[in-house]
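Thanks for making the time this morning. I would like to take you through one model, and I will put it on the screen now.

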Amino acid sequence: LFVGRLVPKKGLAHLLDALPAVIAQRPHARLTDVGFGPEESALKAQAGRLGIADRVAFLGATPQAELPAHYRRANVFVAPFVRDASGDQEGLPVALMEALGCGCPVVVGSVAGVRDLLGSAADAVCVDPRDAGALAAKVVAVLDDPAAAIARAHTLRSIAADRVDWQHIAGGYASLLEACISPRGGD
């Protein structure tokens, strides 16, 4: 499953590049794309060139209320985030949080927003999506051991929930404000 706006920083083009290798190892694999955006035509054309158009379902825009069902049905959510040519990259990875919230195993591109959300635990699920072989291998590894992938998703869910918990965020802001207003030595 891929959920996101169809723009370069979301990395769907890289997932499409990796999909033939996934299919070679998992012949029944299919990709469901929930999203829309300016790259849609180019991505559909890419799937055609790669010979995988019949394995990719482009669903387009989907109401938010329907997303949990997609996450719960998926064997793996792939968010191949990258820094695009202009330097833009994923900030707060909302779709990743949604997937983890639904208990869906994940594979993600290694960008700062993911590391901010998951800390060092991100190492277990991050990959350089520009390396199609590495991305395919990470996806296949999740598919090969679903029990471990689900357990990891639950662990990551707890980590993410702690990091975005309002008490945690408020405490961070309070500490920052206290540091800014506390008297400085010698002033």
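I will go through the salt bridges, then the aromatic pair, then the two largest pockets.

Keep in mind that this is a predicted model.

Salt bridges to begin with. There are five in the structure, and I will talk about three pairs, including Lys9 with Asp88. In that pair, the closest N and O atoms are 3.5 Å apart. Where do Lys9 and Asp88 lie? Lys9 is in the loop between strand E1, residues 2-3, and helix H1, residues 12-25. Asp88 is in the loop between strand E4, residues 77-79, and helix H4, residues 94-101. The pair therefore ties together parts that are 79 residues apart in sequence. As for accessibility, Lys9 has a relative value of 17%, and because buried means under 20%, Lys9 counts as buried. Asp88, at 35%, counts as partly exposed.

Next, Asp144 and Arg26. They form a salt bridge with the closest N and O atoms 3.0 Å apart. Asp144 belongs to helix H6, residues 132-144, while Arg26 sits in the loop between H1 and strand E2, residues 31-34, so this pair ties together parts 118 residues apart in sequence. Arg26 is partly exposed, with a relative accessibility of 29%.

The next pair is Lys44 with Glu40, whose side chains meet in a salt bridge at 3.0 Å, N to O. How many residues apart are they in helix H2? The answer is four, and because of that spacing within H2, residues 40-49, about one helical turn separates Lys44 from Glu40. Both ends are partly exposed: Lys44 has 40% relative accessibility, and Glu40 has a relative accessible area of 22%.

On to the aromatics. The structure holds one aromatic pair. Its members are Tyr71 and Phe77, 5.7 Å centre to centre, with 75 degrees between the planes. Is that arrangement stacked or edge-to-face? It is edge-to-face, because planes over 60 degrees apart count as such. Tyr71 and Phe77 are both buried.

Now the pockets. The largest pocket holds about 440 Å³ of space. It is lined by 19 residues, and the closest to its centre are Leu1, Arg30, Leu31, Asn75 and Val76. Which elements give two or more residues to that lining? They are H1, E2, helix H3, residues 67-73, and H6. H1 gives the most, with three residues. Sorted by class, the lining of this pocket has twelve nonpolar, four polar and three charged residues.

The second largest pocket has about 280 Å³ of space. Here 22 residues make up the lining, and Val3, Gly4, Arg5, Leu67 and Ala95 lie nearest the centre. The elements giving two or more residues to this lining are E1, H3 and H4. H4 supplies the largest share, three residues. By class, the second largest pocket is lined by 13 nonpolar, five polar and four charged residues.

To put the pieces side by side: H3 gives two or more residues to the lining of the largest pocket, and H3 also does so for the second largest pocket. H6, which holds Asp144 of the bridge to Arg26, is among the elements that give two or more residues to the lining of the largest pocket.

That is where I will stop; I am happy to go back to any part of the picture.

Notes
Residues numbered from 1 in each chain as written. Predicted model: local features only at pLDDT ≥ 70, side-chain atom pairs only at ≥ 80, totals over all residues. Heavy atoms only, no water. Salt bridge = Lys/Arg side-chain N within 4 Å of Asp/Glu carboxyl O. Buried < 20%, exposed > 50% of the residue type's maximum accessible area, 1.4 Å probe, protein only. Phe/Tyr/Trp six-rings, centres within 6.5 Å; stacked < 30°, edge-to-face > 60°. 1 Å grid on protein atoms, 1.4 Å probe; cavity = no way out; pocket = protein on both sides within 12 Å on 5 of 7 lines; lining within 4 Å. Points joined across faces, edges and corners; volume = space filled by probe spheres on them. Nonpolar A, V, L, I, M, F, W, Y, C, P; charged D, E, K, R; others polar.
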